[in-house]
Amino acid sequence: MGNFIFSFLFSILFLNSFTLSLDSITDKNALISFKNSITSDPYAILSTNWSQNTSACNWIGVSCGLKHGRVTALNLSGYDLAGTVSPHLGNLSFLKYMDISSNSFTGILPFELSKLRRLKVMNLGVNSFTGEIPTWLGSLPQLEKLYMYNNTFLGEIGSLSMLRELLLGANDFTGIIPEELGNLSQLEVLSIPSSSLTGNIPSSVFKISSLKCMKLFNNSLSGNIPSDICDNLPNIQVLHFWNNLLFGEIPSNIWKCTQLQRLALALNHFSGKISSEIGNLSMLKMLWLGSNDFRGMIPEEIGNLSRLEKLSISASSLTGNIPSSLFNISSLKIINLSNNGLSGNIPTFHSLPNLEELHLSRNNLQGWLPSDLCSSNISNIKTLELYGNQLEGHIPQNIWKCTHLETLLLVDNNLNGNIPFEIGNMSMLRELYLGENDFQGEIPTSITNASQLTAIYLSSNSFTGPVPNFANLRQLQVLSLSENNLTGVDSPNQELGFLSSLTNCPNLFWLDISNNPMMNGILPASIRNLSTSLSSFRASNCSIRGIIPPETGNLRHLEVLDLSKNHLTGFIPTTFPMGCSLESLDLNSNKLAGSFPQSLSNCPNLQVLDIGNNRIQDTFPVWTGNLIDLCVLILRSNNFSGTIPSHTSNATLPFPMLQVFDISHNAFIGNLPHEYLMNFKAMMDAWEIHRGERDLSRLYIDSLTITMTLTVKGIDREYKRILKTLTTIDMSSNRFSGSIPNIIGNLSSLIYLNLSHNCLTGGIPASLGNVPQLESLDLSSNRLEGEIPTELTKLKFLSAINLSMNHLSGMIPQSSGQFPTFDNTSYVGNSGLCGFPLSQKCEESSPTGMLQEDDDGDYGILEGFCWQAVVSGYGCGFVIGLIVGCVILGYGRPKWLVEWIYRFYRIKMRSRRGNVEPQRRRRRTRRQEVCNWVGVSCGLKHGRVTALNLSGYDLAGTVDPRLGNLTFLRCLDISSNSFTGILPFELSKLRRLKVMNAGVNSFTGEIPTWAAATLPLLRPEPDPLDGTPLYAATQPQFQFSGYQLPPPNTDQLPYPYTHQQPPRSKANSCWYPPNPPQQLQQGQSLPPSCWEPPYQHQQFSWSAYEQPPTWKPSCWGLPASRATRIAECLIGDETGTILFTASNDQGLVCDNALACALN
């Protein structure tokens, strides 16, 4: 019997052991299957440790129960495993805890996991699981904690019973929070942040009495917080609803949530006042209410929150004073009340021993900084931000006692005085921002003792003296000293030595010394050793001389280089390497010469390229069209010439992002660049290109705080930020010819267009009426003809138009829009135009519209004669014309021949003048002789050559000595060519020569000694001529486009006038001040008051009239014989000062670099 019992017990034990062994094998096989589904095991955890030869209970991440030896926990969090979850994990029937978070698992959760009936905790967070949230999760009867945050689960949240903690944040849920969540009666933690949830928070959720923590932040939830929230949530400790669309007032009975420790309602639309009852939340540690629509003041009762550690109510329209009780909460670590309308003084720091951060920026705080700023009451302060207020006075001398201070931000106040020398004792200081105040004196050298400094911002103050040596600040990353009166360190080589010291700062990435006009030094060659991290170097308007070190191009990570408004000479570096990071290059307003280096094409990220106002001599840089990110291209006021060829690359269309195209004031010729205009995509639909950029800062050109000057509506304006929707084309003051292409009408986002001062012909394209954003249109001083298109009246934003000095005809379009607001200055110089605002009525005939008799009569006669010969066939025919031409060429247009032609001409014209329609007038041409040659002008009386203007034609050779035979020559301009050799002595015979311009050539030798005795004005520079200048350095000078003018003798002048952009004037044009009291007609006199200046040296903009009016002597204060007319002036394309002087009985003489008297 005993043996039987023993055998029976042994069998039971054997079977039980066998069963347990089978169950263990099942667990092990399940884990092996899980291991085989892993595709990446970077730390070799499973591949080396999970071995078949060892028990699964000994594997890393596996835990087993003591009783049955079954797997009860699987923790593989944070091993960077990748793969899918094996369905065999569902065989771990004793599993209670599963954590596979912070890995890279993908796919869906297998249905087999629904067999884990004992599972209490499932953590799947921070993976890449997809698909719908499994419905079978509701069948896990003991599941208490479910973490599924930071995945890409979809669908609505279903009903999950028995849960205590539900964490589902950072998924791609859609829809609303299901009402069924209110059935989770045991739920203590509900966290579904950043999951695109919408709609109201279900009322049932606010009735889960067991809830302690509710985090629904960063969604799109709307509605308000129920007023009885605290009645149903007595245990609530954490409420995080920030960054939603909630509105209404904060419940006044919020104080009933007596256990509440953290309340975060920021970034919503809560309104009303902050209830004083909030002071009863005695357990509150964090209060975050910023960026709402509150009104009123901060309640004084907030000082009762004795356990408060973090307070933030920024950007909430709060007003009034800061409660002094607030500065009595000794537990406070962070105070943020910035971006409100708070006023008054900063309260005294009573007892804030734990305060680490104080943010009071962008308010209306006044008074001095508290004297106890760094006392023992605030000894642990690390961040002090008070910028954007109206604080005044000095920085307290005891600032150094803030031994833990890391950030001091006092920008944009009214602080003054000196920076305390003791600031160098602040060993923990990392960021020092004192800009935009009125600090004075020198920057203390002790500042370099604060060796932990990473950022120094002292811009926009009144600092003087030298820049300290920053070599000790090896952690320095940002240095901004712009807009002060700092000087460079005196050194024998005149280099800016402090730049060399910065080579010891390996982390420097931002350097700005702009607008320190007293720097007056040379860039050192050591600039190549600046930090390889340097991304921005700005040194505009610093009076920097010398050359740009070629090594500058080697700064591979440099994104912004601004050396504009200096006195740099030499050439632009050619060493920009492949893959350079440059985004903005601004060298405007220097004296740089040479060619435009093509190595800049190695900088594919260029957005801004500005080399305007230099002396660059080159053809159009076609390669710039390959810079696909280029937004701004400014080549204005250089010596570029030639035609603009077609784009050569077949890979990309040119300039797809260009929005500012300024090539004005050069010598380009040929047709307007039709192909480029056709591909200015950013000017066709600027808003479409930048659609979706909700951040307003992204509406400006990326990362470029740039300063550039553009001519807008006839005025030079400085832009410090460029909107991505600002578009402008300026090709004025060149020699473009041909017609304006119709394709320009496709640039529907274009705002400013300036094509003035060229040789454009044809009509104004009607397609310009398709540019609805156009605000300024300048087509003046061309040869345009025909009528003004009525389509222009559709331009509702057009506020400035200039069509003057063309050959337009017909009625000026009338509309109820912008056109009636333009005055007659927009249309002067178009004798065929009529209608408002001009005094010439369209119904009145104008027999003198085609031809008017001048006082000297000479040009009008020959113009009409030539026109009539071409159009009507009158005259003596080709043979007589050939004989007349030969006589004129040989004898300089004898007076008897002119008088004979004049008599013959007048007889013919009397019979035909009434039949000539003004709109068919052709452009005036000069006589059929040498005087009609390009660049040659002749006098009225003797018909001799008086002016030779061949500027900018790229001519090469030497000056022929026989030019000295032009004895009547008064103006000689051969500038901007490639002439070589010396100026021949024979030019000394030009006794009548008043202006000689030989600039921008390659002349050599000494300045001719005969010039000073012969010429009143000589301009040889900037050629490499040696010798003594004609004018002493002590004599006052007038600046003129890089040349020097001698001072006028003001005793002989009525007064000088300044013209910023003189247009080319045709023959017999006269110049007058703008805004005359009425429209001038032929023979009409001006009242004496029109010429009386309100001030001496008054500045005017000038315009040109086809016929000179009769001036009253009193307008000039000169004898009548000298005031009857103004002599003809040939005006070039450059900027300059026009000085009118009384010369002889034949009229007033115009002296200018490209203007000379011909009588």
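Let's start with a single residue: Arg 636 has a relative accessibility of 5%, so it counts as buried, the cut-off for that being under 20%. Arg 636 belongs to a predicted model, a chain of 1159 residues of which 52% are buried. From this arginine we can move out to the cores, one small sheet and the chain as a whole.

**Around Arg 636**
- Arg 636 sits in a loop, with β42 (632-634) on one side and β43 (641-642) on the other.
- Setting aside residues up to four places away in sequence, Arg 636 touches Gly 612 and Asn 613, then a run from Asp 662 through Ile 663, Ser 664 and His 665 to Asn 666.
- Its remaining contacts under that count are Thr 709, Leu 710, Thr 711 and Asp 716.

**The nonpolar cores**
- The largest nonpolar core holds 225 residues, and the members that touch the most others are Leu 502, Phe 537 and Phe 620.
- Elements giving two or more residues to this core include the helices α1 (2-36), α2 (45-49), α3 (229-232), α4 (497-501) and α5 (674-678).
- Strands β2 (62-64) and β3 (71-75) also give two or more residues each.
- The most generous element is α1, which gives four residues to this core.
- Another core lies apart from the largest one; it has 20 residues, including Cys 931, Leu 969, Phe 979 and Ala 998.

**A closer look at Phe 620**
- Which residues does Phe 620 contact, leaving aside neighbours within four places in sequence?
- Among them are the phenylalanines Phe 640, Phe 655, Phe 661 and Phe 668, together with Tyr 676.
- Leu 633, Leu 635, Ile 644, Ile 663 and Pro 645 are in contact with Phe 620 too, as are Ser 641 and Thr 643.
- Ile 663 is a contact of Phe 620 and is also touched by Arg 636.

**A three-stranded sheet**
- One open sheet has three strands in the order β59-β61-β63, paired in parallel.
- Strands β59 (956-957) and β63 (1002-1003) are its edges, each pairing on one side only.
- Two bridges link β61 (residues 978-981) to β63 in the parallel sense.
- Gly 981 has Phe 1003, in β63, as its bridge partner.

**The chain overall**
- Eleven helices and 71 strands make up the chain's count of these elements.
- Of the contacts between residues at least 6 apart in sequence, 55% join residues at least 24 apart.
- About 49,300 Å² of the chain is exposed, with 51% of that supplied by carbon and sulfur atoms.

Definitions and conventions:
Residues numbered from 1 in each chain as written. Predicted model: local features only at pLDDT ≥ 70, side-chain atom pairs only at ≥ 80, totals over all residues. Heavy atoms only, no water. Buried < 20%, exposed > 50% of the residue type's maximum accessible area, 1.4 Å probe, protein only. Contact = heavy atoms within 4.5 Å. Areas by Shrake-Rupley, 256 points an atom, 1.4 Å probe, with all protein chains shown as cover. Core = buried A, V, L, I, M, F, W, Y, C linked by side-chain atoms within 4.5 Å. Pairing = 2+ DSSP bridges.
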